[in-house]
Amino acid sequence: MKNLADRVARTEASGIRKIFDLAANLENPVNLSIGQPDFDVPDPLKDEAANAMRNGRNAYTPTQGGRELREKLLASRFKGYGENQLLITGAVSGGLLLAYMALLNPGDEILIPDPYFVMYKQLAMMFDAKPVFYDTYPDWKVDAAKVDALVTPRTKAIIVGSPSNPTGAVHSPEELRALAAVVKKHDIIVLADDIYEYYAYDGPLAGIREFCPDHTLSLGGFSKSHAMTGWRVGWAAGPAELVQAMTKFQQFSFVCAPTPMQIAAAAAIDFDMSGHMREYKKKRDLIYDGLTGAGYELTKPGGAFYAFVKTPWGTGTEFVEECVRNNLLCIPGGFFSERDTHFRLAYSAPDDAIRKGVAILAGLRNKK
Ligand code: PLP
C-alpha cells in the first residue's frame, strides 16, 4: 500500500508469532515459550482494581499519573526524587517508546545488549535510529571497555537490562560500576530496564542507577512482578528534563495509564510476592540442573525466568523446529540476537512442564 510510512517496512513483526504459527497444529504442547508469570494477580489486588472501578475511579488521571501510585513510589524506591522526575507509564513498553521518542533523532545511535529484548531493536528501527549492539556472548557479562569502544558522537543512550530477557543474566556491582564510568565519561543516558527486578535469585540485586543516578532513567512496572501483564502500569524515573519530555509525549499519545490499575498497583507495592519468587528460584534450579545434567551448555541464570541455551547442533531455528516437531515450544536465539546459535526457554511454567521439556531436550541432544 503506497500510503504507509517507511517505518513500517523498517520494523519487523515479532518473530515469536512465527513459531506459534508453526506450532498451531500441536495438540497439547509443552510450552516453554511464554514470557509471563504462570500465576495470576493476587486476589486482594484484583479487589483493589474492582473497588476502584465501583467507586467511580474510571476517569483519566493526570498525565504524570495518579496520586496514590506516585506517592508510594516517591516514598519508597524513588525517595529523594522530585515530582518532575517521575512519570507513570503504560508499563515498561510505554516508557521505552516515550524514552526513544524523547532521545533519538534519525541517525542517532543507541547501544543495545546482544542478546536483547526484541523491542529494543525494533523501536530503534521505528525511529530511524541505529541500534548498535554490545556483545555479551558467551556468559552475558557486560564488558565496559567493549562498550566504550562502540561510543560515537551520535551515541545518545544505552540499554541495560538486569536481570535480562532473554538470558536471565544478573550483572554484578563491579560490571555496573565500570559501565557507569563509561556512561558518565561520554554523558549518555542509561535506559535501565528493571522489569525483572523481583526475580533475582542469588542475593541482593545491584542497579546501575546506584552508580550513575543522574544519567539513569529507571523503567519498571508490575507486569512480571505481580502478573499484571494485561494491566499496563509502570513507571519511568530519572533526569527531570527527560521525564518532562516524555510526559509531554504521553499527553499526546497514551494520555495516562489505566486509572483503576494504577490504584491497584499502588497497593501492589506493599504486597508480599516473595512466595512466588521462592517458587521461581526452585524452577530456575530445576531447569538448570536438568539441562546441565543432560549435557547442555548454559550460564546459570541469576534472575528473570529465562534460560538462554547453546544449541547442541544446528542453528537456533533448526534446533527449535526439531523441538516443535517433538512437542516442545521454545524460541530460537536468532529472534533475540544478531546470531542464531542458542534457544530461549521460559521456565515461567508448571514444574511438570519444565520436567517434560527437559526430558524432550535430553532426547534431542544427540539427534544429529
Ligand atoms: N522489558 C523486558 C525485558 C521484557 O521482557 C518485557 C516483556 O516481556 C517488557 C520490557 C515489557 O513489559 P511491559 O508489560 O511492562 O510493557
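1. Helices here are DSSP runs of H or I with at least four residues, strands are DSSP runs of E with at least two, and both are numbered from the N terminus. The model is predicted: local features need pLDDT of at least 70, side-chain atom pairs count only at pLDDT 80 or more, and totals for chains, interfaces and linings use all residues. Residues are numbered from 1 along each chain as its sequence is written, and side-chain values use heavy atoms, with hydrogens and water left out.

2. Start with helix α8, residues 173–186. The expected span of a helix is 1.5 Å times one less than its number of residues. α8 has 14 residues and reaches 20 Å from its first C-alpha to its last, close to the 20 Å expected at 1.5 Å a residue. After the helix comes D187, with a positive phi near 55°.

3. Which residues of α8 are buried? They are E175, L176, L179, A180, V182 and V183. Buried means under 20% relative accessible area, exposed over 50%, and partly exposed in between, with a 1.4 Å probe and protein chains only. The buried residues cover an arc of only 160° around the axis, which puts them on the same side of α8. That arc is taken from the directions from the helix axis to the C-beta atoms. E174 and K185 are exposed on the other side of α8.

4. The buried residues of α8 pack against α7 (144–150), β5 and β6. Contact means heavy atoms within 4.5 Å. Two of these elements return in a larger motif: β5, α8 and β6 make a right-handed β-α-β unit. A crossover is right-handed if, with the strands pointing away from the viewer, the path from the first strand over the helix to the second runs clockwise.

5. Now strand β6, residues 189–193. Five of its five residues are buried, so β6 is largely enclosed by the rest of the structure. I189, L191 and D193 point one way from the strand. V190 and A192 point the other way.

6. β6 has parallel partners. Two strands pair if DSSP finds at least two bridges between them. Strand β5 (residues 155–161) pairs with β6 in the parallel sense over five bridges. One of the partnerships links I158 to V190 in β6. Strand β7 (residues 216–221) is joined to β6 by four bridges, also in parallel. There, D193 stands opposite L219 in β7.

7. β5 is mostly covered too, with six of its seven residues buried. Strand β3 (residues 109–114) runs parallel to β5, and three bridges join the two. E109 has T155 in β5 as its bridge partner.

8. Look next at the nonpolar cores. A nonpolar core is a set of buried Ala, Val, Leu, Ile, Met, Phe, Trp, Tyr and Cys residues joined through side-chain atoms within 4.5 Å. The largest has 70 residues, of which Y100, I110, L191, L217, F343, L345 and L361 touch the most other members. Helix α5 (residues 91–103) gives the most to this core, with seven residues. A second, separate core of 23 residues includes L69, Y81, M228 and M261.

9. What does I110 touch, leaving aside its neighbours within four places in sequence? Its contacts are Y100, L104, A124, K130, P131, V132, A157, I159 and L191.

10. There is also an open sheet of three strands, in the order β9-β12-β11, with antiparallel pairing. β9 (306–310) and β11 (331–332) are the edge strands, each pairing on one side only. β11 and β12 run antiparallel and are joined by two bridges. In β12, R344 is the bridge partner of I331.

11. Helix α13 spans residues 351–364. Its buried residues are A353, I354, G357, V358, I360, L361 and L364. They cover an arc of only 160° around the axis, which puts them on the same side of α13. A359 and G363 are exposed on the other side. The cover over the buried residues includes β1 (30–31), α11 (274–293), α12 (316–325), β10 (328–329) and β12 (342–346).

12. Within α13, I354 is worth a look. I354 is buried, with a relative accessible area of 0%. The C-alpha atoms of I354 and L32 are separated by 7.5 Å, although these residues are 322 residues apart along the chain. Leaving aside neighbours within four places in sequence, I354 is in contact with L32, K283, L286, I287, Y347 and A349.
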